[in-house]
Amino acid sequence: MAQAIRELAMFPLGSVLLPGMPLPLRVFEPRYVALLSSVLGEPDRAFGVVLIERGSEVGGGDARFGVGTVAGIETVEIGEGSIQLVARGTTRVEVVEWLEDDPFPRARVRELAPLVIGPADLDALDDAERAVRETLTLLSEFVELRWPADVALSEDPTERLWQLVGIAPIGPLDQQSLLRSSTAGELITRLVEETRAARESITAGWTHDLGDEDLG
């Protein structure tokens, strides 16, 4: 059955929001202050987040990806000249049509079907979690990471899968690609592949650096 289309305030960012992941924001640009002022007066207190493909978060004129995530506001503090809040990713949405950016970005969106993790996916999910945590453990010895290897994740398998994508040491374009996954099995497989590729790329760089030092 086709999903209903609705209008949603949109917040383009330079990072990807995934279902189940927190989103801390400090907002001071007038159009996004206006966005939040409008959203906070609505029952669900939600807005959409999409990754900026080209351009800047400030001032408009950016190009945006067409698949994003709804953010539900959990806490908000209104200060002098800015709003600080924490939201959390909920459902994925596809942009059907961008509307005028005045007074703030808006779009007509369609909710994407949630991924379903069946019994056959649970072992693969455990393997993916192990791969992500082991890679974070390795990388933490050399670089500062946003998420520690032992970070607690949701008990819900579907939400845990998305959180694994959120903590994996991969870039926003890889996360954006994974956000478009059509099945849980596809997402798990690609997450493991991207995590291993990131690990190999970084460790190869270390090996190369050590080789250069030895030659010196």
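Leaving aside neighbours within four places in sequence, Leu-23 makes contact with Leu-13, Leu-17, Phe-47, Val-49, Ala-71, Leu-85, Val-86 and Ala-87. In this predicted model, Leu-23 belongs to the largest nonpolar core, a set of 50 residues in which Leu-23, Phe-47, Ile-167 and Leu-191 have the most contacts. Helix α5, formed by residues 184-215, gives the most to this core, contributing 6 residues. A second core, separate from the one just described and made up of 9 residues, includes Met-10, Ala-46, Val-70 and Ala-107. In soluble globular proteins, nonpolar side chains tend to be buried together.

The chain as a whole contains 5 helices and 7 strands, and these elements follow one another along the sequence in the pattern β-β-α-β-β-β-β-β-α-α-α-α. Along its principal axes the C-alpha trace spans about 60 × 45 × 30 Å, and of the 216 residues in the chain, 44% count as buried. Among the contacts with a sequence separation of 6 or more, 65% are accounted for by residues that lie 24 or more positions apart.

Two residues of neighbouring numbering in the strand region illustrate how such separations appear in space. Leu-85, which is found in strand β6 (residues 83-98), has a relative accessible area of 4% and is therefore buried. When residues up to four places away in sequence are not counted, Leu-85 touches Leu-23, Pro-24, Leu-25, Leu-36, Thr-75 and Val-76; the C-alpha atoms of Leu-85 and Pro-24, although 61 residues apart along the chain, are separated by 5.8 Å. Glu-77, by comparison, is found in strand β5 (residues 67-78) and counts as exposed, because its relative accessibility is 57%, a value over the 50% cut-off. Leaving aside its neighbours within four places in sequence, Glu-77 is in contact with Ser-82, Ile-83 and Gln-84, while the C-alpha atoms of Glu-77 and Arg-26, 51 residues apart in sequence, lie 9.5 Å from each other.

The packing of the helices can be followed from helix α2, which comprises residues 122-139. At 1.5 Å a residue, the 18 residues of α2 should span 26 Å, and the end C-alpha atoms are 26 Å apart, so the expected and modelled spans agree. Within α2, the buried residues are Leu-125, Ala-128, Glu-129, Ala-131, Val-132, Arg-133, Thr-135, Leu-136 and Leu-139. The axes of α2 and helix α3 (residues 157-167) come within 10 Å and cross at roughly 25 degrees, which makes α2 roughly parallel to α3, since angles under 35 degrees count as roughly parallel. The crossing in which α2 passes α3 is left-handed. At this packing, Leu-122, Leu-125, Asp-126, Ala-128, Glu-129, Val-132 and Leu-136 in α2 meet Pro-157, Arg-160, Leu-161, Leu-164 and Ile-167 in α3.

Arg-160, which lies in helix α3, is buried because its relative accessible area is 13%, under the 20% cut-off. Not counting residues up to four places away in sequence, Arg-160 touches Leu-125, Asp-126, Glu-129, Leu-153, Ser-154 and Glu-155. Helix α3 also packs with helix α4 (residues 172-179), at an angle of about 160 degrees and with the axes 10 Å apart; the two helices are therefore roughly antiparallel to each other, as angles over 145 degrees are counted in that way. The crossing of α3 and α4 is right-handed, and the residues that meet there are Trp-162, Val-165 and Gly-166 in α3 and Gln-175, Leu-178 and Leu-179 in α4.

Two features of the backbone remain to be described. Most residues other than glycine have a negative phi, and most peptide bonds are trans. The peptide bond from Asp-102 to Pro-103, however, is cis, with omega near 10 degrees, and Pro-103 is found in the loop between β6 and β7 (106-111). Arg-45, a residue other than glycine, has a positive phi near 45 degrees. Arg-45 lies in the loop between α1 (30-39) and β3 (46-54) and is partly exposed, because its relative accessible area is 26%, which falls between the cut-offs of 20% and 50%.

How values were computed:
Residues are numbered from 1 along each chain as its sequence is written. This is a predicted model: local features need pLDDT of at least 70, side-chain atom pairs count only at pLDDT 80 or more; totals for chains, interfaces and linings use all residues. Side-chain values use heavy atoms; hydrogens and water are left out. A nonpolar core is a set of buried Ala, Val, Leu, Ile, Met, Phe, Trp, Tyr and Cys residues joined through side-chain atoms within 4.5 Å. Buried means under 20% relative accessible area, exposed over 50%, partly exposed in between (1.4 Å probe, protein chains only). Helices (H or I, at least four residues) and strands (E, at least two) are DSSP runs, numbered from the N terminus. Contact means heavy atoms within 4.5 Å. The expected span of a helix is 1.5 Å times one less than its number of residues. Axes are lines fitted to C-alpha atoms, for helices over the stretch in contact, and angles run from 0 to 180 degrees between N-to-C directions. Angles under 35 degrees count as roughly parallel, over 145 as roughly antiparallel, 65 to 115 as roughly perpendicular and the rest as oblique. A crossing is left-handed if the near helix is turned anticlockwise from the far one by less than a right angle, and right-handed if clockwise.
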